[in-house]
Amino acid sequence: MTMSRETPINLVLAALLFAMPFAALALDEPFYVTLATHMAVLALAAVGLNLALGLGGLVSFGHAAFFGLGGYAAGILSTHVLNMQPLLTWPLEIGASDQMPVIWLVAIAVSGLVALAIGAISLRTSGVYFIMITLAFAQMIYYFAISWPAYGGEDGLSIATRGAFPGVNTAVPLTFFLVCYAVLVAVLVLFALVRDSRFGAALQASRQNETRLAAVGIGPFPVRLAAFVLSAMITALAGALYADLNRFASPSMLSWQMSGELIVLIILGGTGRLFGPVAGAMLFVLIESVLGGLTERWQFFLGLILLGVVLFARGGLIGLVAGKPRHG
Amino acid sequence: MAEPVLSIRELRKNFGALKATDNVSLDLRPGEIHALIGPNGAGKTTLIHQISGAIRPDSGAIEFLGEDVGALGMAARARKGLGRSFQISSLASEFSALRNVMLAVQAAQGSSFRFFKPVMHDTSLTEPALAVLERVGLAQRARLPAAELSHGERRKLEIAIALALGPKAFLFDEPMAGMGPEGSKDLTGFLDGLRREAPILLVEHDMDAVFALADRISVLVYGRIIATGTVDEIRRDPEVRRAYLGEHA
């Protein structure tokens, strides 16, 4: 990782998010611990999308599918644990688990496979067609979820007890925040490594000029597919944490509004920037809670802010503070 | 005579009623510069696109190093050793000149599916890339984004990227375009030496450069090759003079 003008602002954002729940507890406002956790989890989901959208230029309007799959992985495993039913009985019996690492692995594996299928088809198109086809796949999964009564249908799935993490008590809000924050930091490190790697170079080149990439002998399709799958896995991991945060896997996690929200987070924060999704998620949740407390029509003001960013600050918050990215 | 490196047989490509490539056959022999000339709209770039795999011919065969590459895509042909430049500079414009060349070095080394090692600290990428930039005279400009380079520098960067691939044949589509007399002269000298590394199929409008460099010339008019020969044969050819050369000869 290289030091750049971005690094100080990134450190400030990381410190602010980290300090928020401690300050909240000191001020006896425990609600803000949950708010900070919400920020961290949304940021994580958007870091996932940022890999495809920011680095690869792949405007997926279907990432709610992976967010929701992660959520349902947590919900379904928890339900099976509660009812003491095995997850699978045939061809071999596999028991459910309430351990977060297991839940995360299931979320990542399932979403990775689904993303492989969706990506293999969607990535044969580009531009508006890619946006529409990813949306269509996500909607299919959404309607599948709400019409499957075994796992809650339209009502969603409650999670009786939050997933466990070895050695800590995740029922304590601050502890759960720290788990989410640690995952976010780990994934940010991963994002930075991937961005600066050979794969990242090929991926970013595929966004800038796919003909150039092909002309040096690197086919854009496998690069994009790998990025899409990796991106989906990260967003699914966030989905699993989100469901555990709310103790509820809701079909709305799979809705197209959720896909749009993730894109909005990235644009607000700075497309393709390491901490863009973090800045975006912090701002978004702040706007939602502050303006949402004042008026039911807070999304109108969110729209105004988004309009301002798109018109006057294309690089989002990070771009506004740190200027254009440098690629070395 | 040595086997040709690149051999094109009876290539045809129509765009509607337009015969962009009309039964074209030509070959590129080891160590030669084969220039492809012709008036605007003759189908020179369309032919380069078909050879590099950017577009598919309607019929005909393209053999490279004795192998039919007709079914391969652009990336696969590049991996076989076809290094091309573009008529209009086609670069990763946010990347620095260095990173543009590093991408080619990385591609030539094989795997782009390495996820953790930072490229800027990978001397197996940076050193060969810097060496190539040095060769084309861009070393001082290595850290500038491609978008901030001058037109002439972007043309040189196109050549540098093709060089970094270590190809078995070069396809250069008007490398001199818009370079100015001084730049053209420099580049002519450079290409002259380059043919020893790999043969060059050169599309070019700059006739001074073509006559100075070409071992053989093919003249393309309305998608058809009307003549192939040495510089002297082409200069004397009455049909070529009528169709294209005119005052140049």
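This is a short dialogue on reading cores and helix packing in a predicted model.

User: Where should I start with the hydrophobic interior? Which residues have the most contacts inside the largest nonpolar core?

Analyst: The largest nonpolar core has 153 residues. Those with the most contacts inside it are Leu17(A), Leu44(A), Val101(B), Leu133(B), Leu157(B), Phe172(B) and Leu191(B). Helix 2 of chain A, residues 31-55, gives the most to this core, with 17 residues.

User: Why does this core lie between domain 1 and domain 2 of chain B?

Analyst: Both domains give residues to the core, so it lies between them. Domain 1 spans 1-81 + 169-249, and domain 2 spans 88-166. Apart from this core lies another, of 22 residues. Val5(B), Ile62(B), Phe64(B) and Leu82(B) are among them.

User: What does Leu17(A) touch, beyond residues up to four places away in sequence?

Analyst: Leu17(A) touches Ala36(A), Met39(A), Ala40(A), Phe177(A), Tyr181(A), Leu184(A), Val278(A) and Met282(A).

User: How do I read a pair of packed helices?

Analyst: Two values describe such a pair: the angle between the axes and the distance between them. Take helix 2 and helix 11 (residues 276-294) of chain A. Their axes lie 8 Å apart, at an angle of about 135°. That makes helix 2 of chain A oblique to helix 11 of chain A. The crossing is right-handed. On helix 2 of chain A, the contact includes Leu35(A), Met39(A) and Asn50(A). On helix 11 of chain A, it includes Val278(A), Met282(A) and Ser289(A).

User: At what angle do helix 4 and helix 5 of chain B cross?

Analyst: They cross at roughly 135°, and their axes come within 9 Å. Helix 4 of chain B is thus oblique to helix 5 of chain B. This crossing is right-handed. Val132(B), Leu133(B), Arg135(B) and Val136(B) of helix 4 make the contact with Lys156(B), Leu157(B), Ala160(B), Leu163(B) and Ala164(B) of helix 5.

User: How many residues of helix 7 of chain A are buried?

Analyst: Ten of its eleven residues are buried. Among them are Arg198(A), Phe199(A), Gln204(A) and Gln208(A). What covers the buried residues of helix 7 of chain A includes helix 2, helix 6, helix 8 and helix 9 of chain A. Helix 3 and helix 4 of chain B are also included.

User: Is Asp192(B) buried, partly exposed or exposed?

Analyst: Buried means under 20% relative accessible area, and exposed means over 50%. Asp192(B) has 35% relative accessibility, so it counts as partly exposed. Asp192(B) is in helix 6 of chain B, residues 180-194.

Note on methods: Residues are numbered from 1 along each chain as its sequence is written. Chains are lettered from A and ligands numbered from 1 in the order in which they are written. This is a predicted model: local features need pLDDT of at least 70, side-chain atom pairs count only at pLDDT 80 or more; totals for chains, interfaces and linings use all residues. Side-chain values use heavy atoms; hydrogens and water are left out. A nonpolar core is a set of buried Ala, Val, Leu, Ile, Met, Phe, Trp, Tyr and Cys residues joined through side-chain atoms within 4.5 Å. Buried means under 20% relative accessible area, exposed over 50%, partly exposed in between (1.4 Å probe, protein chains only). Helices (H or I, at least four residues) and strands (E, at least two) are DSSP runs, numbered from the N terminus. Domain bounds come from an automatic or database domain assignment. Contact means heavy atoms within 4.5 Å. Axes are lines fitted to C-alpha atoms, for helices over the stretch in contact, and angles run from 0 to 180 degrees between N-to-C directions. Angles under 35 degrees count as roughly parallel, over 145 as roughly antiparallel, 65 to 115 as roughly perpendicular and the rest as oblique. A crossing is left-handed if the near helix is turned anticlockwise from the far one by less than a right angle, and right-handed if clockwise.
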